Structure formats: C-alpha cells, structure tokens
Amino acid sequence: TGGTYTSMGITLRGSDNNTVNGNAKTIGPLTINKTGTTTFQSALSCSTLTQTAGDVNFATFNLTCSSTVAFTSGTYTNMGVLQCTTFTLNGIFNLSSGTLTPTVSFVLGSGTFTYAATATLSAVGGITQYAGSATFSKAYALTATGTYTLTAGDLILNGVDLSTGIFSSTGAGIRSIQFGTNNIVLTHTTAAQTVINMADVSNLTVTGTGGFNADALVTRTYSYGSTSGGSATNSANLLLTGAGTAIATITTGSWFNTLNFNATAFVIPATIVNINAITLSTGGTFTGLTVQMRGTGLITTNNKTIAGFVLDTIGTNTLAGNVTCTSYTQTAGLLNLATFNIFCSGAISVTGGSMSNSGTITCTTFTVNGTCSLDSGTITPSVSVVLQSGSFTYNSGGTLSPVPTFTHTAGTFTLGKNYALTATGTYTFTAGTLNLGG
C-alpha cells in the first residue's frame, strides 16, 4: 500500500482465473489478454487499458484510466465506474450494467455495441462509428454540443431516442439508420450550427417512422442529401418542434421524407427542398421556399404561400388544402387535388404526370410540353395557353376558362367539348394537329 507504481505496466496472460488487488493504487498500462476471469478486489487506476481477451469481474469496484481504453474481446460484469478519455471498441461489447465514463469520446471501429438495462454511459462530446452496429435500447444523450458521426455501419434505435448536438453522416460509406418509431433529437445550443450534416447520403438506408427532431429556439442549418445520394426512398423525416421563432435554414437541394414545421414561426430563407410530404406552420413565412415533390405523401400548406411548386414524383401527392405559389411545374407523378385549388401568380408548365379531382387552377400562362388531359376542375389562365409539344385534351368533365391567346406550335389539341376564347382572343396555329372531333 505504500509503494508507487505509475511506471509499471501489467499484462495479464494465461488461462487461469485470477484476482487483482490494486489497493487503490495507480499503475501504468494495463493489458488483459487471457482466457478465464479476472476479478477485482479493490479500485485501481492505470494510464491505459487494453482488453484483447478474457472476462473481467469488477465486483462493483472502479477502474480509472487517465488515458484510453481499447476493447477487442471479452466481457465486463459487475462494473462500478470505468473512466477513461476515449473508449475504442473493435469487438462485441454489451453495456448493460455499471457506468462507463469516457471524458472525450466513444469510438466504434468495428463489432457491435449495445447500450441497455441499468447501465449508464456518461454524456460524451463525440461518438464516432466507423463500422459495426450500435444499438441503443436505453435512451442516451451526448453533451448538448456533442456530435454523433456515422461513417459506416448500422445505428439502431430500439424503442428509445438518441440526443446529440450534431448528427454527421456524409460520404459513400454503407450505413443505415433504423429509427423505428423513435427520433434523433438535435440539441445544439450554439446558434448557426449545421446540426444535420449529411450533404452526401450515398449508400444510406433509412427505416422506421421516426426521424430527426429539433426545436426552433436557436438558429440551425439542416443539410441532407444536398450534394449527392438523396432520393425519395432514403430520405428521413424532419420535425421542428415547439413554437420557436429562430430561423431554420435548409440547405438547397436537401431531401426529406416528411418535413413538418409544426407550430414554429419564422421566415424561412430562400431554398429548394425535395420532399415526399410537407406541413407548413400557420405562423411561418414560406415565400422563399420552393417545394419539389419526389414521393408519395400529403401536402398541408395551412393556406401559406410558397415560391415554386414542382411535381416530379415517383408516387402520388395529395393536397390537404389549397396551394398558393408563384409557379407550378409538373413533370411526373400524380397530383390528387382532392377538389382543392392551386392559386399560381405566375406560369404553369406541364411536361408529364397527371392531376385528379381538380378544383380550380389559376395562373398567367398554362404551357403544355407533354401529355395533359383536363378531365375535371377548372383551369383559368389569365394570359394564354401554349401547346408546344405532346397533347392537350379538353374533356367534358373539365372547364378551360376563355383566354385571350392560345398558341399552338406543335402537338395535338383535342376538343372533347366546345371551347371559346375571349371575344377578341386569338388562336395561333403554327404546327401540329387540331382535333375538333373529340
């Protein structure tokens, strides 16, 4: 008990069971590379711990490492407090009891990590997952300004939330996030942080009905698939919670499955987002937001005005209310208007896709460069209709309001019912087919 051992390293080898009585002393590096079980009889301090094989029964005593722990194989039972700077895992580690306190970071290089039961993993400033599988069966929070970095591997939320200041996962690593019904909660307290740092989501798979959550108490930036890899099938949900007024900046080109502004109230900066479904808040201002629909989902505008509205979807989008926008472009997919209206202060361009259950569609110029069939509802262009290619069919169930100018430069215009321009209007027929027979 009276000696000093800080320069002495200890390596445990062999196949027998053994005990360690450190008498609360401090040693140099401790290496455990053996079969059998090592049982602690007192607390111990060391500079580093390297565990490559064998089982350790801490008997509820504490092990304090002034530097790192590297774990490859073995099991830990009856843990007290295991403290270190960085805990690096390259094996199978089930933290189900005791307390693990890395003061700097936790690194999963390979293997599997499970956090569950009565264990405590102290809040760390960084978790880096290079490969392997991390399963959280107990709710966990990094420090408020911490970062979870997923380079490759599987992140599994098993019925619990994961809280972190920043979630970073960008690049071509093969990886997945299994949300289940739970969320990654973004908590960074410093303004102007990119809290979803996922510009490149190549090779990312996302499952579950959960997603990312963040309040609007400080300004934050969200970037998901903005440069590469984004699609309707690998996009995650983003829910902005509460009634905050701090501006959320969404990087142009980002992708989200469902983007929900909830009860927030701020002016969103000009941006273009790719989404499957969207809900705008009643207190927000969205005149700088261009919405590009990419997959099946509901469009809930709460009577707010957006900039551009684009239908380029692999599925069906359904209106839950009127859409007011500056332009509308339809290239693919089905828009079910559910008898609601589109009020467009500028032009509408149709190159593909279709509409159903139309209400009233207003615009300045209605341009067709694909296939368009007016089967229901009313289209009211205030300036002109332009048919440049493809076909425009005017059927008995729809109404095309009189326009002063109809320009037909190519394609086929088929009348399934009578149509009249304004009394002083002009129909200009340059090329194509005008079918009066229906």
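The legends below accompany close-up views of a predicted model.

**View 1. Thr365 and its neighbours in the predicted model.**
Let us start with Thr365, which belongs to strand 37, the run of residues 360–374. Thr365 counts as buried because its relative accessible area is 17%, and the cut-off for that class is under 20%. Its side chain is in polar contact with the side chain of Ser384, at 3.1 Å. Leaving aside residues up to four places away in sequence, Thr365 touches Gly346, Ala347 and Ile348, and also Val383, Ser384 and Val386. Ser384 therefore appears twice in this view, as a residue that Thr365 touches and as the partner in the polar contact, for which the pair of N or O atoms has to lie within 3.5 Å.

**View 2. Cys46 with the sulfur of Cys65.**
How many disulfides does the structure hold? The count is zero. For Cys46, the nearest cysteine sulfur belongs to Cys65 and is 3.2 Å away. Since a disulfide needs two cysteine sulfur atoms within 2.5 Å, Cys46 is in no disulfide. Is Cys46 buried or exposed? With a relative accessibility of 2%, Cys46 counts as buried.

**View 3. Cys325 with the sulfur of Cys344.**
Here is another cysteine that is in no disulfide: Cys325. The nearest cysteine sulfur to it is that of Cys344, 4.1 Å away. Cys325 counts as buried, at 2% relative accessibility. As a reminder for reading this view, a disulfide is a covalent bond that joins the sulfur atoms of two cysteines.

**View 4. The largest cavity and its lining.**
Two cavities of 30 Å³ or more are found in the structure, and this view shows the largest, with a volume of about 40 Å³. Which residues line it? The lining is made by Ile278, Leu280, Val291, Ile299, Thr301, Ile306, Phe309 and Val323. By class, seven of these residues are nonpolar, one is polar and none is charged. The polar one is Thr301.

**View 5. The second largest cavity and the strands that line it.**
The volume of the second largest cavity is about 40 Å³. Around it sit Phe106, Leu108, Phe113, Ile127, Gln129, Ala134, Phe136 and Tyr148. Three strands each supply at least two residues of this lining: strand 10 (99–115), strand 12 (126–129) and strand 13 (133–136). Which strand gives the most? That is strand 10, with three residues. The lining of the second largest cavity has seven nonpolar residues, one polar residue and no charged ones.

**View 6. Asn78 in a loop, with a positive phi.**
Where does Asn78 sit? Look for it in the loop that links strand 8 (75–77) and strand 9 (81–95). Although Asn78 is not a glycine, its phi is positive, at about 50 degrees. Most residues other than glycine have a negative phi. Asn78 is partly exposed, as its relative accessible area is 40%.

**View 7. Asn357 in the loop before strand 37.**
We end at the loop between strand 36 (354–356) and strand 37, where Asn357 is found; strand 37 is also the home of Thr365 from the opening view. Asn357 is a residue other than glycine with a positive phi, near 50 degrees. Its relative accessibility is 42%, so Asn357 counts as partly exposed.

How values were computed: Residues are numbered from 1 along each chain as its sequence is written. This is a predicted model: local features need pLDDT of at least 70, side-chain atom pairs count only at pLDDT 80 or more; totals for chains, interfaces and linings use all residues. Side-chain values use heavy atoms; hydrogens and water are left out. Helices (H or I, at least four residues) and strands (E, at least two) are DSSP runs, numbered from the N terminus. Buried means under 20% relative accessible area, exposed over 50%, partly exposed in between (1.4 Å probe, protein chains only). A polar contact is a pair of N or O atoms within 3.5 Å; within protein, one must be able to donate a hydrogen and the other to accept it, and residues adjacent in sequence count only if both atoms are side-chain atoms. Contact means heavy atoms within 4.5 Å. On a 1 Å grid over the protein atoms alone, a cavity is a set of points where a 1.4 Å probe fits but cannot get out, and a pocket is an open set with protein on both sides within 12 Å along at least five of seven lines; lining residues have an atom within 4 Å of a point. Grid points are joined across faces, edges and corners, and a volume is the space filled by probe spheres set on the points.
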